[in-house]
Amino acid sequence: MTDPRAVHAAKNNADLCAAVFAARGLAFARRAAGFVAINPPPPFYPHVSVTSVDDAAVADLIAEARNRFGDGIVVKDSFCRIDAAAQGFRVRFGAFWIRREAARSGMPDGWMQVDTSARLTAWEAGWSGDTAADAAMFPPAFLKAPGVFVIGRAGGAAFDAGCLVNLSDGVAGLSNVFGPAGAFADAACAAQSVAPGRPLVGYESGSTLRDARACGFAACGELRVLTSGA
């Protein structure tokens, strides 16, 4: 049985996809089974993000994306329910949904909410390691997305750590965490400071999953990212 905490996390993550698409002027749709792109997605974002355990509705969502884009779509299989081989997918990577119950916290020293285009450019350079202006993932409009916070630790004009936080359905999503050792714990505190009273959710794998567990997150479900085509 799917953990309802994983369902909350998946829906929150789909809301972040929607915020990124909207900020970039890309069309998308919200169906009963999840999020589906209408325009081609930006790098690192899927054509389909599943939020339902209704297998028939999920199949319809995938068919919609395939009809629109042909082969080569990316699907976030949020609950590992899709028969990947039978539907012509391969697994790109797996991860775990995570959740930490609400805790009181203030903004860590040196961390701040990013609120200008110049700071967003500097934050993204820290996140991506790429200072090229044409590599921008998050346009200035992203700073005005409802319930979205860009947060980082500034050192001069640069950011050496940071995260994204998005609010939806009574939870706060923590994603895009970057920085040196210890940054995940600080990012979680920063997220809690702008989302008081809300559990934190997200998904992680590998060493970042270990960092999340070390600061109170628990895994509540598995997900996979699937891709089709060559």
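In this predicted model, helix α3 (residues 117-128) lies across β6, β7 (148-155), β8 and β9, and its direction makes about 100 degrees with that of β8. A second helix, α5 (residues 206-214), also packs on the sheet, where it touches β5 (89-100), β10 (200-204) and β11 (218-228). The angle between α5 and β5 is about 15 degrees.

Here are the two helices side by side:

| Helix | Strands touched or crossed | Angle to a strand |
|---|---|---|
| α3 (residues 117-128) | β6, β7, β8, β9 | about 100 degrees to β8 |
| α5 (residues 206-214) | β5, β10, β11 | about 15 degrees to β5 |

Now to the sheet itself. It is open and mixed in its pairing, with 11 strands in the order β1-β2-β3-β4-β11-β5-β10-β9-β8-β7-β6. β1 (28-31) and β6 (111-113) are at the edges and have a single partner strand each, so one side of each is without a neighbour in the sheet. From one strand to the next, the twist averages 25 degrees. Within this order, β8 (residues 158-168) and β9 (residues 171-178) pair in the antiparallel sense over six bridges, and leucine 164 stands opposite serine 175 in β9.

Let's finish with a single residue, asparagine 39, found in the loop between β2 (34-37) and β3 (48-50). Asparagine 39 counts as partly exposed because its relative accessibility is 27%, a value between the 20% and 50% cut-offs. Beyond its sequence neighbours up to four places away, asparagine 39 touches Phe21, Gly25, Leu26, Ala27 and Phe69. The side chain of asparagine 39 reaches the backbone nitrogen of alanine 27 at 2.7 Å. Aspartate 169 is 130 residues from asparagine 39 in sequence and 26 Å away in space, C-alpha to C-alpha.

Methods. Residues numbered from 1 in each chain as written. Predicted model: local features only at pLDDT ≥ 70, side-chain atom pairs only at ≥ 80, totals over all residues. Heavy atoms only, no water. Pairing = 2+ DSSP bridges. Helix = DSSP H or I, 4+ residues; strand = E, 2+ residues; numbered from the N terminus. Axes fitted to C-alpha atoms, helices over the stretch in contact; angles between N-to-C directions. Contact = heavy atoms within 4.5 Å. Buried < 20%, exposed > 50% of the residue type's maximum accessible area, 1.4 Å probe, protein only. Polar contact = N/O pair within 3.5 Å; in protein donor to acceptor, adjacent residues only side chain to side chain.
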